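Open the model in your viewer with the side chains available for display, and follow the selections below in order.

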Amino acid sequence: TVQVTTVYPGANAQVVADTVAAPIEQQVNGVENMVYMSSNCSADGSYALTVTFDIGTDLDTAQVLVQNRVAIAEPLLPEEVRRQGVSVKKQSTDIILVISLISPDKTFDSLFMANFATLRLRDELSRVPGVGGVDVRGGSDYSMRIWLDPELLSARQLTTQDVIAALRDQNVQVAAGQIGQAPSPDNQLLQFPVTALGRLTDAEQFEEIIVKKREGRVTYLGDVARVELGSQSYDSFSVRSGTPAVSILVYQLPGANALEVSQNVREAIERLSQDFPAGLEYTIPFDTTLFVEQGVEAVYHTLIEAGVLVLLVILVFLHDWRAVLVPATTVPVTIIGAFAVMPLMGFTINFLTLFGLVLAIGIVVDDAIIIVENAAHHIERGLKPREASIKAMEEMTGPVISITLVLSAVFLPAAFLGGITGQLYRQFALTIAATAVLSAINALTLKPVQCATYLRPLPEKRNGFIRGFEW
């Protein structure tokens, strides 16, 4: 996904949809390899467009294509939006974790914490490998707020546009030039740069802005408005356990490892917290990777439990711990082989591939079980382990290959589904199919050797009874 974001200060959701969303989406729609796009216009004037591309698309190229389309739409956007800027970046739509800044003793308000997060934390966290984006919510930037008095404006025959024009003309950074700059007279010995007051910083300086001058009478901004240093917007807020807080939303970069990103972000925020002022703390109330870690751990437990249960069943029915060794080695050999094959198919260790491996546990030992059972059957009929293994393979080679082909025919069609659904089922289906093939190769090569090596012939008859197997 590639995300386009901007903000229209003071506009509601409908205005944003009509003046910002419509021009941008008309141009972005149909960009190469795009699957679909979705947008969100908020009452605080913010706009976010998420463009989803087909699997396998180069996101760097996709970002450039979207940026070019947005550049075409920019002349049609309101001037305030162009001044704020339109951001185009590649990032996942899912939040990987949320960091909350709080002041338990209420030493700092949300405005201070939001600016602290913007100035001291956001850039550092954005540089963490795998982080696609960092948003600060629950506060805003410091801004000079001008509260106009309508009655005073009307009495002086002024409009809001007059005030905006005065602010735009007198609150500007300009190059004032130099005194004595060439070409200059020969007797000019010195050259001085002129330093002029540029952008204003204090409320008192803003109050002295001249908004109207007529017949010797001057109207200052302080005559028609109240000026104060405050927040750029009061439309959103964040609270943590009843205490004002600021939330830092961390997004994952597409293709990054969520567990590594979460760990790196936690280490980074812990390092940065060493420089926090007294009275400022952080917590992590939301982390999606905790669910991932628990899910992966549960899959591993299921994997171990399934393997142990299969081996116990073999031991109970064959009454020979040597026979258990034959299928016991099948599980690790096949699973390790599956892990080696998955990168070749472009798969990672995730819920889908692990789910396929769990289901494949019963499949990978089936081939070994029928071979060891058939070899044990021929040993009971008097053959030596080597001859019994050869006889078993003569009878079982065909069935092992057949059942592998049948299993492949069952799961492989799901790998040819299209779209995102096909991508999900493809990992599951190909993992099981690859595991079944590896199991068949293992059964046809390693298992007969193990049967001939591990199994023992029956003991001689004594007094009409067969001596039981020694454990």
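Begin by selecting Phe116 and Phe276, both of which are buried, and bear in mind throughout that this is a predicted model. With their rings shown as sticks, you should find an edge-to-face aromatic pair, with 5.5 Å from centre to centre and 85° between the planes. Colouring by secondary structure then helps to place the two partners, since Phe116 belongs to helix H4 (residues 110–126), while Phe276 sits in the loop between H9 and strand S15 (281–287). The pair thus links distant parts of the chain, the two residues being 160 residues apart.

Keep Phe276 selected and add Tyr282, with which Phe276 forms another edge-to-face aromatic pair, at 6.5 Å centre to centre and again with 85° between the planes. Are the two partners buried or exposed? Phe276 counts as buried because its relative accessibility is 12%, under the 20% cut-off, whereas Tyr282, with a relative accessible area of 22%, is partly exposed.

Now extend the selection to Phe108 and Phe112, and the view will hold a cluster in which ring pairs link Phe108, Phe112, Phe116, Phe276 and Tyr282. The structure as a whole holds six aromatic pairs.

For the next stop, turn to the second largest pocket, which has a volume of about 1700 Å³. To centre the view there, select Gln252, Gly255, Ala256, Thr348 and Asn350, which are the closest to the pocket's centre of the 37 residues that line it. The elements that give two or more residues to this lining are strands S3 (46–53) and S5 (95–102), together with helices H9 (258–272), H10 (288–318), H13 (351–380) and H15 (419–454). Which element gives the largest share of the lining? That share, five residues, comes from H15. If you colour the lining by residue class, you should see 19 nonpolar residues, 15 polar ones and three charged ones.

Finally, zoom out and show the whole chain as a cartoon, in which there are 15 helices and 17 strands. The C-alpha trace spans about 135 × 55 × 50 Å along its principal axes, and the chain has a radius of gyration of 36 Å, where a compact globule of 471 residues would have one near 23 Å. Colouring by accessibility would mark 37% of the 471 residues as buried. Among the contacts with a separation of 6 or more, 74% are accounted for by residues 24 or more positions apart.

Definitions and conventions
Residues numbered from 1 in each chain as written. Predicted model: local features only at pLDDT ≥ 70, side-chain atom pairs only at ≥ 80, totals over all residues. Heavy atoms only, no water. 1 Å grid on protein atoms, 1.4 Å probe; cavity = no way out; pocket = protein on both sides within 12 Å on 5 of 7 lines; lining within 4 Å. Points joined across faces, edges and corners; volume = space filled by probe spheres on them. Helix = DSSP H or I, 4+ residues; strand = E, 2+ residues; numbered from the N terminus. Nonpolar A, V, L, I, M, F, W, Y, C, P; charged D, E, K, R; others polar. Phe/Tyr/Trp six-rings, centres within 6.5 Å; stacked < 30°, edge-to-face > 60°. Buried < 20%, exposed > 50% of the residue type's maximum accessible area, 1.4 Å probe, protein only. Rg over C-alpha atoms; globule rule 2.2 N^0.38 Å. Contact = heavy atoms within 4.5 Å.
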